[in-house]
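Hi,

Here is the structure I promised to send over. Have a look at it first, and then read on for what turned up in it.

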Amino acid sequence: MLENLPVVEGDPLWALLHQFNADPRSQKIDMLVGVYRDETGQTPVMQEVQKAELKLTKEAASKSYKMLSGNLEFNDHITKFVLGNNSPRFDEQCTIQTVGGTGALRVLGDFIAALSPQTVIWNTEPGYLNHRPIMEGAGLKVESFRWHHNGGILDIEQCFEDLAKAKEGDVLILHGSCHNPSGVDPLIDQWQQFIDFCVAKKVIPLIDIAYQGFGVGPEEDAAGLRLFAEQVDFMLVATSCSKNMGLYCERTGAAMVLSSDKSQHQPLRTLLERITRANYSMPPNHGSAVASLLFSEPEAWLKELSVCRNRINDLRLGLGKLLSEMGADQSLQAVTRQKGMFSMLPLTAEQMTALREKHAIYGMLNGRINIAGLKQEQVSYLANALIDVMK
Ligand SMILES: Cc1ncc(COP(=O)(O)O)c(C=O)c1O
């Protein structure tokens, strides 16, 4: 068997992270991995999460198996968080807890492959590094469509030029908010254009909402997804508590299937459960138990989340203002309009390498940086370095 072992390239992100850890320069800045960091550079456990964990430890509830769909209370909570508390679609969904947002995507990929193995998945370019491998891992074909912007506004004409080749039954992946890696989200009328496209072409939307609450706010960030839910009969959703609750390593997420045909709900759930049963049986419970407590009394957690969001938005505004005062290239200004942790710098791979080698600033070679990796005191260092490498 081992004679067939392929030479597989490692993940470029983790390779750069190793390089960062080994870099002895004290001024180094890690803008690589998509985790939130506070002003001290830490990724703290949220206070509300700590409180919930203490409560759960005291209660010491049984660790017996949960249902195949995971923690049912969590599933109801997260569905309401995503769709809105009063959404009429609450009665038309089938949600299972998954191993993070990645697990949700893979379960949905397997679900699509089980129902229609020839389905083509349409993925943004640039896009989330793992969408393609996940969907290809499920045996599906992946095509790309351009996700570029003019001054921070999505160039939707380009999207539709590429999507013209999409056929009935294909699946369109859109990021619910805070597009990774570009930070460019559709305006609400652009969401409507995507809906009109899906309805007209009978293309199935799969909304990956991994950053709800990191852009403008939890409600606002779900606006496009909810508009879809109002207007299409059938859609797929992958969601995660990794970022907005900081539960990264607890692997807490959910896969959701919305179908207006209620007679399909039981077979849909059975199929989803069969997919997970043949893989890891059921997801771990701890993160979902914590998340359920946060969802049931959300005020304090949402306040903590707003502190994270505001810090990122302040960094964006501060960086943009400084760059403009320093007469930096106009193309850098879009950083102020982008949403969430990520931005794509309009830099070549050579310029990103120079940023790393000359200035110890680590971003991805395609230009992606995690704004949350920055401290206020480093904003001017970054601005100067950007101007230097763009000279
Ligand atoms: C767009 C997108 N989807 C899904 C995920 C997966 O999140 P999780 O860590 O919950 O698996 C990420 C994580 O970076 C992401 O950026």
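Before the ligand site, a word on classes: Ala, Val, Leu, Ile, Met, Phe, Trp, Tyr, Cys and Pro count as nonpolar, Asp, Glu, Lys and Arg as charged, and the others, Gly among them, as polar. Counted that way, the shell around the ligand holds 4 nonpolar, 7 polar and 3 charged residues. Please keep in mind that this is a predicted model.

**The ligand**

Which residues come nearest to the ligand? Out of the 14 around it, they are Thr-102, Asp-208, Tyr-211, Ser-240 and Ser-242. Helix α4, which covers residues 100-115, gives the most to this shell, with 4 residues.

A few polar contacts are worth pulling up on your screen. At Thr-102, an N or O atom of the side chain is 2.5 Å from a ligand oxygen. With Gly-101 the backbone does the job instead: one of its polar atoms is 2.7 Å from an oxygen atom of the ligand. Arg-251 uses its side chain, where a polar atom lies 2.7 Å from a ligand oxygen. As for how covered the ligand is, it exposes 390 Å² when taken alone, and the protein buries 91% of that.

**The pocket**

Where does the ligand sit? The space it takes is the largest pocket. That pocket has about 960 Å³ of space, and 40 residues line it. Nearest its centre are Leu-13, Tyr-128, Leu-129, Asn-130 and Asn-180. The elements that each give two or more residues to the lining are α1 (12-22), α4, β3 (120-125) and α5 (131-137). By class, the pocket lining splits into 16 nonpolar, 16 polar and 8 charged residues.

**The cavity**

How many cavities of 30 Å³ or more does a search of the whole structure find? The search turns up 1. About 40 Å³ of space lies in the largest cavity, and its lining is made up of Gly-127, Leu-129, Asn-180, Pro-181, Met-364, Asn-366 and Arg-368. That lining comes to 3 nonpolar, 3 polar and 1 charged residues. You'll recognise two names here: Leu-129 and Asn-180 line this cavity, and they are also among the residues nearest the centre of the largest pocket.

**Backbone oddities**

Two peptide bonds are worth a look. The one from Glu-125 to Pro-126 is cis, with omega near 5 degrees, and Pro-126 lies in the loop between β3 and α5. Both of those elements give two or more residues to the lining of the largest pocket. Asn-180 and Pro-181 are also joined by a cis peptide bond, with omega about 20 degrees. Pro-181 is found in the loop between β7 (171-175) and α7 (188-201), and both Asn-180 and Pro-181 line the largest cavity.

Then there is Lys-202, which has a positive phi of about 60 degrees although it is not a glycine. Lys-202 lies in the loop between α7 and β8 (204-209).

Cheers

Note on methods:
Residues numbered from 1 in each chain as written. Predicted model: local features only at pLDDT ≥ 70, side-chain atom pairs only at ≥ 80, totals over all residues. Heavy atoms only, no water. Near = heavy atom within 4 Å. Polar contact = N/O pair within 3.5 Å; in protein donor to acceptor, adjacent residues only side chain to side chain. Areas by Shrake-Rupley, 256 points an atom, 1.4 Å probe, with all protein chains shown as cover. 1 Å grid on protein atoms, 1.4 Å probe; cavity = no way out; pocket = protein on both sides within 12 Å on 5 of 7 lines; lining within 4 Å. Sits in = over half its atoms within 2 Å of the grid points. Points joined across faces, edges and corners; volume = space filled by probe spheres on them.
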